[in-house]
Amino acid sequence: EPTPVLDVDMLLAAWRQAKATAEQARADITLTLEEYGKAYVDKDVDVIQEVYPEAPIDAISEHFGETTYELYAFAPPEFTMLDIRAGTATVESTLERKFEARVGGEREGKDDREITFVRQENGGRWLISGWRILK
């Protein structure tokens with residue numbers, strides 16, 4: 001019985017494709033975070049809900065009535081889990097905020113967040129599915 005031959009070129013092509021797909025997912029997730037941060041500065045609740053469908057929009061809208069953000073930005077995310085097939089990812093990132101509150105004046109803050117993502121059906125865009133502040 002002949003020994004099966006390992007097709008190295010085919011394996012390399014599959015590996016390169018998987019690597020490219022993962023790199024694209026990382027870029028798309030980073031873009032989602034950037035969109036979310038920009039929407040906060042712009043007070044754009046439609047974009048916030050688009051990239052984070054489960055976001056507490058009523059509370060965010062109320063918050064926007066009392067606060068103006070000059071900066072709401074995520075540091076480049078560190079991926080702790082990325083499952084392309086399942087369409088799920090988890091990242092850790094530092095969120096930096098600079099804002100003016102109607103009560104309390106100018107303030108700034110920085111904290112580390114764990115953010116989860118889910119990809120829409122059929123290879124659609126990556127959306128925020130939740131997050132928590134890391135202590």
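These questions and answers walk through a predicted model, from its strands to its salt bridges.

Q: Which residue in β3 is the bridge partner of F79?
A: Strand β2 covers residues 78-83, and strand β3 covers residues 88-101. The two run antiparallel and are joined by five bridges. In β3, F79 has as its bridge partner V91.

Q: Which residue in the hairpin of β2 and β3 takes a positive phi?
A: Four residues lie between the two strands of this hairpin. One residue there has a phi near 70 degrees. That residue is G87.

Q: What is the area of the nonpolar surface patch that includes L12?
A: L12 sits in helix α1, residues 8-42. Its patch partners are L6, V8, L11 and W15. Together the five make a nonpolar patch of about 520 Å².

Q: Is L12 buried or partly exposed?
A: Buried means under 20% relative accessible area, and exposed means over 50%. L12 has 34% relative accessibility, so L12 counts as partly exposed.

Q: How many salt bridges does a search of the whole structure find?
A: Side chains of opposite charge can pair when their charged atoms come close. Here a salt bridge needs a nitrogen of Lys or Arg within 4 Å of a carboxyl oxygen of Asp or Glu. The search of the whole structure finds six.

Q: How far apart are the closest N and O atoms of D42 and K38?
A: Both residues lie in helix α1. They are four residues apart, about one turn of the helix. They form a salt bridge, and the closest N and O atoms are apart by 2.5 Å.

Q: Which residue of the D42 and K38 pair counts as exposed?
A: The cut-off for exposed is over 50%. D42 has 44% relative accessibility, so D42 counts as partly exposed. At 53%, the residue that counts as exposed is K38.

Q: Are D111 and R113 buried or exposed?
A: These two form a salt bridge, with the closest N and O atoms 2.6 Å apart. Both residues are buried.

Q: Which strand holds the salt-bridge partner of E114?
A: E114 meets R132 in a salt bridge at 2.9 Å, N to O. The pair links distant parts of the chain, 18 residues apart. E114 is in strand β4, residues 105-119. R132 is in residues 126-133, strand β5.

Q: Which residues are joined into one network by salt bridges that share partners?
A: Some salt bridges share partners. Such bridges make one network of E35, E50 and R125.

Technical notes. Residues are numbered from 1 along each chain as its sequence is written. This is a predicted model: local features need pLDDT of at least 70, side-chain atom pairs count only at pLDDT 80 or more; totals for chains, interfaces and linings use all residues. Side-chain values use heavy atoms; hydrogens and water are left out. Two strands pair if DSSP finds at least two bridges between them. Patches are made of residues with over 30% relative accessible area and no salt bridge: like charges are joined within 9 Å, nonpolar side chains (Val, Leu, Ile, Met, Phe, Trp, Tyr) within 5 Å. Accessible areas come from the Shrake-Rupley method with a 1.4 Å probe; for residues, only the protein chains shown count as cover. A salt bridge is a side-chain nitrogen of Lys or Arg within 4 Å of a carboxyl oxygen of Asp or Glu. Buried means under 20% relative accessible area, exposed over 50%, partly exposed in between (1.4 Å probe, protein chains only).
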